[in-house]
Amino acid sequence: AAAGARGGGDGVVNEVVCGALMMAYERSGKWREAAGVLQRAAALGVRPNAVMYNTAIGAAGRAGEAGAAEALFRAAAAAGAVDAVTYESLIAAHGMAGDAARAEAAFSAMAAAGLRPREYAYCGLVAAHSLAGDAAEALRVRARLRRGGARAGVHVYNALIAACDRGGLYERALDLLRSMRREGVAGNSLTAELAAQVGRKGAATVESQQLTAAALSAAMALLMRSGVL
């Protein structure tokens, strides 16, 4: 039935139609409804594919439902509908929950499955360790990314800078912004927002320690002028 549905046609329900409905639910923050489409699709003879499972896992993760994301991942694995994005979505779900142990386990499972982790997977690890209160371990993810032969993009850098902000490591955040410039990684609106936040908090911290805040402000201005932000 699913194969026939792929042929398309007016009023035909197939993976594309189901996926579009799931994305609409996801964007509305309705993760239960998004996940529910999987059962509705199966009842109509449409076999859920990896894209559909990934959408459901991502929706659950963004809603803070890491347990549901884990259950959906297991269902995807049982259905043989797992790809790199499925693992990355699970890592991100545990990352947003601050569950470093489960995020690391999913990351290891991804590598064991012969799939190469990409930027999204590393962002999940950074978030997991950062939200678990271990900024130092979050920052070490950058070195792990390099050892894996990957290059940190703007999303990884944003996650790292957010980890520094969360951990009060304002000078380290500035170092990351400088690294972005050296490596030619263009910032985005989130980078600018994080940099401004780090600048404000960093200046207040430096002043409270009776040290000079001028150096921090000058560094921020230099980064702004040099085009990092």
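The lining of the largest pocket in this predicted model comprises, by class, nine nonpolar, four polar and three charged residues. The volume of this pocket is about 360 Å³. Sixteen residues are not equally placed with respect to its centre: of the 16 that line the pocket, Cys123, Gly124, Ala127, His155 and Ala159 are the closest to that point. Three elements give two or more residues to the lining, namely helix H6 (84-96), helix H8 (119-131) and helix H10 (154-167). The largest share, six residues, is supplied by H8.

Two of the helices that contribute to this lining, H6 and H10, also take part in helix pairs described below. Two packed helices are described by the angle between their axes and the distance between the axes.

Helix H6 packs against helix H7 (residues 100-112) at an angle of about 165 degrees, and the two axes lie 8 Å apart. Because angles over 145 degrees count as roughly antiparallel, this value makes H6 roughly antiparallel to H7. The crossing of the pair is left-handed. On the H6 side, the contact involves Ala84, Tyr87, Glu88, Leu90, Ile91, His94 and Gly95, which meet Arg102, Ala103, Ala106, Phe107, Ala109 and Met110 of H7. By class, the residues of this contact are nine nonpolar, two polar and two charged.

For helix H10 and helix H11 (residues 170-183), the packing angle is about 165 degrees and the axes are 8 Å apart. H10 is thereby roughly antiparallel to H11, and the crossing of H10 with H11 is left-handed. Val154, Tyr157, Leu160, Ile161, Cys164 and Asp165 form the H10 side of the contact; their partners in H11 are Tyr170, Arg172, Ala173, Leu176, Leu177, Ser179, Met180 and Glu183. Ten nonpolar residues, one polar residue and three charged residues make up this contact.

A further pair is formed by helix H4 (residues 50-62) and helix H5 (residues 66-78), whose axes come within 8 Å and cross at roughly 170 degrees. H4 and H5 are therefore roughly antiparallel to each other, and their crossing is left-handed. The contact is contributed by Tyr53, Ala56, Ile57, Ala60 and Gly61 from H4, together with Ala68, Ala69, Leu72, Phe73, Ala75 and Ala76 from H5. The residues of the contact between H4 and H5 comprise ten nonpolar and one polar, with no charged residue. Charged residues are present, by contrast, in the contact of H6 with H7, where there are two, and in that of H10 with H11, where there are three.

How values were computed:
Residues are numbered from 1 along each chain as its sequence is written. This is a predicted model: local features need pLDDT of at least 70, side-chain atom pairs count only at pLDDT 80 or more; totals for chains, interfaces and linings use all residues. Side-chain values use heavy atoms; hydrogens and water are left out. On a 1 Å grid over the protein atoms alone, a cavity is a set of points where a 1.4 Å probe fits but cannot get out, and a pocket is an open set with protein on both sides within 12 Å along at least five of seven lines; lining residues have an atom within 4 Å of a point. Grid points are joined across faces, edges and corners, and a volume is the space filled by probe spheres set on the points. Helices (H or I, at least four residues) and strands (E, at least two) are DSSP runs, numbered from the N terminus. Ala, Val, Leu, Ile, Met, Phe, Trp, Tyr, Cys and Pro count as nonpolar, Asp, Glu, Lys and Arg as charged, and the others, Gly among them, as polar. Axes are lines fitted to C-alpha atoms, for helices over the stretch in contact, and angles run from 0 to 180 degrees between N-to-C directions. Angles under 35 degrees count as roughly parallel, over 145 as roughly antiparallel, 65 to 115 as roughly perpendicular and the rest as oblique. A crossing is left-handed if the near helix is turned anticlockwise from the far one by less than a right angle, and right-handed if clockwise. Contact means heavy atoms within 4.5 Å.
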